[in-house]
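Got a minute to go through this fold together? Let's ask where each label comes from.

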Amino acid sequence: MIHTNLIRSGLFALALAPVTAMAGQYVVELDAPFETPPASLTQKHGMTVDETLSAGADSYVVVTADTEDKVRALFEDASITVEKISEVLFVNSPVVGGGNPAGPEPRDGHQVFVIERPIPGVGFFGLEKKQKISAGSNAAVAKLGDIIEWDHSYLTGEGTYCVYRADSPDTLREHGALAGAPIGKITPVSQKVN
């Protein structure tokens with residue numbers, strides 16, 4: 001598992017700027033493990049792979065591309081079946097709500113999870129509301145202690161893809177209840193940041 005300070009720096013910069021996430025960033029849901037297409041193919045489509053969250057049959061890939069059509073075309077050329085593509089409108093993190101960023105690696109006993117939260121329009125919320133959401137998550141993490149850590153969340157028009165590290169899915173559900181955040185699908189993943 002690779003986790004670099006580069007993405008943390010980027011997330012920190014995004015968190016402080018009252019703008020949306022990187023232009024053209026997308027979360028792609030797959031029904032199979034993701035294998036990065038050859039560099040020649042990603043270059044042809046002008047796409048980069050930012051983060052891979054693999055879980056066998058349920059995997060997520062975060063990419064940067066000019067348009068959703070280019071994302072779709074690359075995956076078609078690579079013969080990879082896409083379940084869903086969601087445009088990232090904002091990257092939320094503990095820093096947005098005044099907290100500290102997650103550590104560079106998961107703590108002992110922690111698994112990385114993606115939590116899908118159905119919150120229609122969340123990516124379009126104003127910065128103040130996003131800060132309030134972040135502060136609420138930070139408060140719930142503080143209450144639960146070392147059994148959970150929030151890494152970052154991709155906010156879209158339909159909801160969020162939240163990347164957390166925790167000892168179990170039950171801890172994530174308890175965190176959601178404390179933070180007042182809905183819980184959809186919870187997927188344990190292996191995380192690779194490019």
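Q: What makes the nine-strand sheet an open one, and what is its strand order?
A: In this predicted model, the order runs β4-β1-β3-β2-β9-β6-β8-β7-β5, with antiparallel pairing. β4 (82–87) and β5 (90–92) sit at the edges with a single partner strand each, so one side of each has no neighbour in the sheet.

Q: How much are neighbouring strands of this sheet turned against each other on average?
A: By 25°, with direction ignored.

Q: How do you know that β1 and β4 pair?
A: Pairing takes at least two bridges between two strands. Strand β1 (residues 25–30) and β4 have five bridges, in the antiparallel sense. Want one to look at? Glu-29 has Lys-84 in β4 as its bridge partner.

Q: Which strands does α5 touch when it packs on the sheet?
A: Helix α5 touches β6 (111–117), β7 (148–155), β8 and β9 (186–193). The direction of α5 makes about 40° with that of β6.

Q: Why are α4 and α5 called oblique to each other?
A: Helix α4 (residues 127–144) and helix α5 (residues 169–179) pack at about 130°, with axes 9 Å apart. Roughly perpendicular covers 65 to 115 degrees, and roughly antiparallel starts over 145. The angle of about 130° fits neither, so α4 and α5 are oblique. Their crossing is right-handed.

Q: What makes up the contact between α4 and α5?
A: On the α4 side, it's Gly-136, Ser-137, Ala-140, Val-141, Lys-143 and Leu-144. From α5 come Thr-171, Glu-174, His-175, Leu-178 and Ala-179. By type, the residues of this contact split into five nonpolar, four polar and two charged.

Q: How confident is the predictor in the protein, and where is confidence lowest and highest?
A: The mean pLDDT is 88, and 88% of the residues reach 70 or more. Helix α1 (residues 5–16) has the lowest confidence, at a mean of 40, while strand β8 (residues 160–166) has the highest, at 98.

Q: What should you make of residues 1–22?
A: Their pLDDT is below 50, though the stretch has 46 contacts in the model beyond near neighbours in sequence. Where pLDDT is low, the predicted coordinates shouldn't be read in detail.

Methods. Residues numbered from 1 in each chain as written. Predicted model: local features only at pLDDT ≥ 70, side-chain atom pairs only at ≥ 80, totals over all residues. Heavy atoms only, no water. Axes fitted to C-alpha atoms, helices over the stretch in contact; angles between N-to-C directions. Helix = DSSP H or I, 4+ residues; strand = E, 2+ residues; numbered from the N terminus. Parallel < 35°, antiparallel > 145°, perpendicular 65-115°, else oblique. Left-handed = near helix turned anticlockwise from the far one by under 90°. Contact = heavy atoms within 4.5 Å. Nonpolar A, V, L, I, M, F, W, Y, C, P; charged D, E, K, R; others polar. pLDDT = per-residue confidence, 0-100.
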